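I opened this entry to look up a few residues and their surroundings. My notes follow in the order I checked them.

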Amino acid sequence: MKYIKIAGSLLLLTMLLGSCRKTCTCIDYHGRERTYTADEVEEQGASCANMVFQAGVQYYSVCDWD
């Protein structure tokens with residue numbers, strides 16, 4: 001039982017540390033990728049999916065979290 005608690009704690013810690021580094025990757029219509037940090041997405045006041053639009057113009061074909 002003790003090992004299960006330790007394994008669960010380690011799994012939770014890994015998930016918490018890994019989630020801090022997620023990036024929003026956007027792909028334009030020419031296949032080029034641009035990544036944004038979670039802070040950059042927040043500065044835009046948007047979600048990652050909404051980063052498709054920049055200044056009211058559809059700039060990317062798709063944006064998704066990595």
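I started with Asp-28, which sits in the loop between E1 and strand E2 (33-37). The model is predicted.

I checked the exposure of Asp-28 next. Its relative accessible area is 12%. Asp-28 therefore counts as buried, since the cut-off is under 20%.

I then asked which backbone nitrogens the Asp-28 side chain reaches. One belongs to His-30, at 2.9 Å. Another is that of Gly-31, which lies 3.1 Å from a polar atom of the Asp-28 side chain.

I also listed the contacts of Asp-28, leaving out residues up to four places away in sequence. They are Tyr-59, Tyr-60 and Ser-61.

Tyr-60 led me to the largest nonpolar core, where it is one of nine residues. I noted the others: Cys-24, Cys-26, Tyr-36, Val-41, Cys-48, Met-51, Val-52 and Cys-63. In soluble globular proteins, nonpolar side chains tend to be buried together.

I followed Cys-24 from that core. Beyond four places in sequence, Cys-24 touches Arg-34, Thr-35, Tyr-36, Val-41, Cys-48, Met-51, Cys-63, Asp-64 and Trp-65.

I turned to Thr-25, in strand E1 (residues 23-27). Is Thr-25 buried or exposed? Its relative accessibility is 11%, so I entered Thr-25 as buried.

I looked for a side-chain partner of Thr-25. A polar contact of 2.4 Å joins its side chain to that of Asp-66.

Last, I took the contacts of Thr-25, again skipping residues up to four places away. Thr-25 touches Glu-33, Arg-34, Thr-35, Cys-48, Val-62, Cys-63, Asp-64 and Asp-66.

Methods
Residues numbered from 1 in each chain as written. Predicted model: local features only at pLDDT ≥ 70, side-chain atom pairs only at ≥ 80, totals over all residues. Heavy atoms only, no water. Helix = DSSP H or I, 4+ residues; strand = E, 2+ residues; numbered from the N terminus. Buried < 20%, exposed > 50% of the residue type's maximum accessible area, 1.4 Å probe, protein only. Polar contact = N/O pair within 3.5 Å; in protein donor to acceptor, adjacent residues only side chain to side chain. Contact = heavy atoms within 4.5 Å. Core = buried A, V, L, I, M, F, W, Y, C linked by side-chain atoms within 4.5 Å.
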